[in-house]
Amino acid sequence: MTLQERVDSDLKEAMREKDTTKLSVLRMLKSALKYGAIAKSGAEAELSDTEAAQVIRKQVKQRQDSIESFEKGGRAELAEKEREELSILNAYLPQPMSADELSQVVGQAIAEVGATSKAQMGAVMKALQAKVGGRVDGRTLSTEVQKQLQ
């Protein structure tokens, strides 16, 4: 079952259970996935699981930014609502890599590319994007590459 099929299935289940929060989040997610597919290659396009995970990660990032903003603004109830949505979205993301696993993959990519300085970081990042398959966010990946290229 692809990620999009799983979202559709869970959307139907949320309708049956009358779970309004989950239903709202999944409708928003389905819309974002459809928009991503249209932007990629037209209305009939389907996203791969990796591309779908990128769309979900973008939605997660938006929720994290909203939580931060609401907490700064003293709106705890809205921050809590965003946390609920965030937990629903996180269920659709692949398991993140452990720190040891990430360190090992980064080391292998650096060796494959033959990078010796931070000037070659772009080539390492490009090689890593395919390897990690959306299991690590870009910021964490970039930090680990910088640490190992010193």
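This is a friendly conversation about how the words used for this predicted model are earned.

Trainee: What should I know about the model before we start?

Mentor: It is a predicted model, in which local features need pLDDT of at least 70 and side-chain atom pairs count only at pLDDT 80 or more, while totals for chains, interfaces and linings use all residues. Residues are numbered from 1 along each chain as its sequence is written, and side-chain values use heavy atoms, with hydrogens and water left out.

Trainee: How many helices and strands are there in the protein chain?

Mentor: The protein chain has seven helices and zero strands, so its elements run α-α-α-α-α-α-α from the N terminus on. Helices (H or I, at least four residues) and strands (E, at least two) are DSSP runs, numbered from the N terminus. Along the principal axes, the C-alpha atoms fill a box of roughly 55 × 45 × 25 Å.

Trainee: Let's take single residues. Why is L11 called buried or exposed?

Mentor: Buried means under 20% relative accessible area, exposed over 50%, and partly exposed in between (1.4 Å probe, protein chains only). L11 has a relative accessible area of 8%, so L11 is buried. You will find L11 in helix 1. Of the 150 residues of the protein chain, 34% count as buried.

Trainee: Which residues does L11 touch?

Mentor: Leaving out residues up to four places away in sequence, L11 touches L23, L26, R27 and K30. Contact here means heavy atoms within 4.5 Å. By contrast, the C-alpha atoms of L11 and G107 are separated by 40 Å, and these two are 96 residues apart along the chain.

Trainee: What makes Q59 buried or exposed?

Mentor: Its relative accessible area is 9%, which means that Q59 is buried. Q59 lies in helix 3 and touches L29, A32 and L89, again not counting residues up to four places away in sequence.

Trainee: Which residues are buried in helix 3?

Mentor: They are A52, A53, V55, I56, Q59, V60, R63 and I67. These buried residues of helix 3 pack against helix 1, helix 2 and helix 4.

Trainee: How do you know that the span of helix 3 is close to what is expected?

Mentor: The expected span of a helix is 1.5 Å times one less than its number of residues. Helix 3 (residues 49-72) has 24 residues, for which 34 Å is expected, and it reaches 35 Å from its first C-alpha to its last. After helix 3 comes G74, with a positive phi near 75°.

Trainee: And what is the phi of K18?

Mentor: Phi of K18 is near 60°, a positive value in a residue other than glycine. Most residues other than glycine have a negative phi. K18 sits in the loop between helix 1 (3-17) and helix 2 (20-41).

Trainee: Why are K18 and G122 called exposed?

Mentor: K18 has a relative accessible area of 70%, so K18 is exposed. For G122 the value is 53%, so G122 is exposed too. G122 lies in helix 6.

Trainee: Now the helix pairs. Why are helix 5 and helix 6 called oblique?

Mentor: Angles under 35 degrees count as roughly parallel, over 145 as roughly antiparallel, 65 to 115 as roughly perpendicular and the rest as oblique. Helix 5 (residues 99-113) and helix 6 (residues 121-132) pack at an angle of about 130°, with axes 9 Å apart. Helix 5 and helix 6 are therefore oblique to each other. The axes are lines fitted to C-alpha atoms, for helices over the stretch in contact, and angles run from 0 to 180 degrees between N-to-C directions.

Trainee: Which residues of helix 5 and helix 6 meet?

Mentor: V105, V106, Q108, A109, I110, E112 and V113 in helix 5 meet A123, V124, A127, L128, K131 and V132 in helix 6. By class, this contact has 10 nonpolar, one polar and two charged residues. Ala, Val, Leu, Ile, Met, Phe, Trp, Tyr, Cys and Pro count as nonpolar, Asp, Glu, Lys and Arg as charged, and the others, Gly among them, as polar.

Trainee: What makes helix 2 oblique to helix 4?

Mentor: Helix 2 and helix 4 (residues 76-90) pack at an angle of about 60°, with their axes 10 Å apart. That angle makes helix 2 oblique to helix 4. In this contact, T21, K22, V25 and L29 in helix 2 meet E84, E85, I88 and L89 in helix 4. These residues divide into four nonpolar, one polar and three charged.
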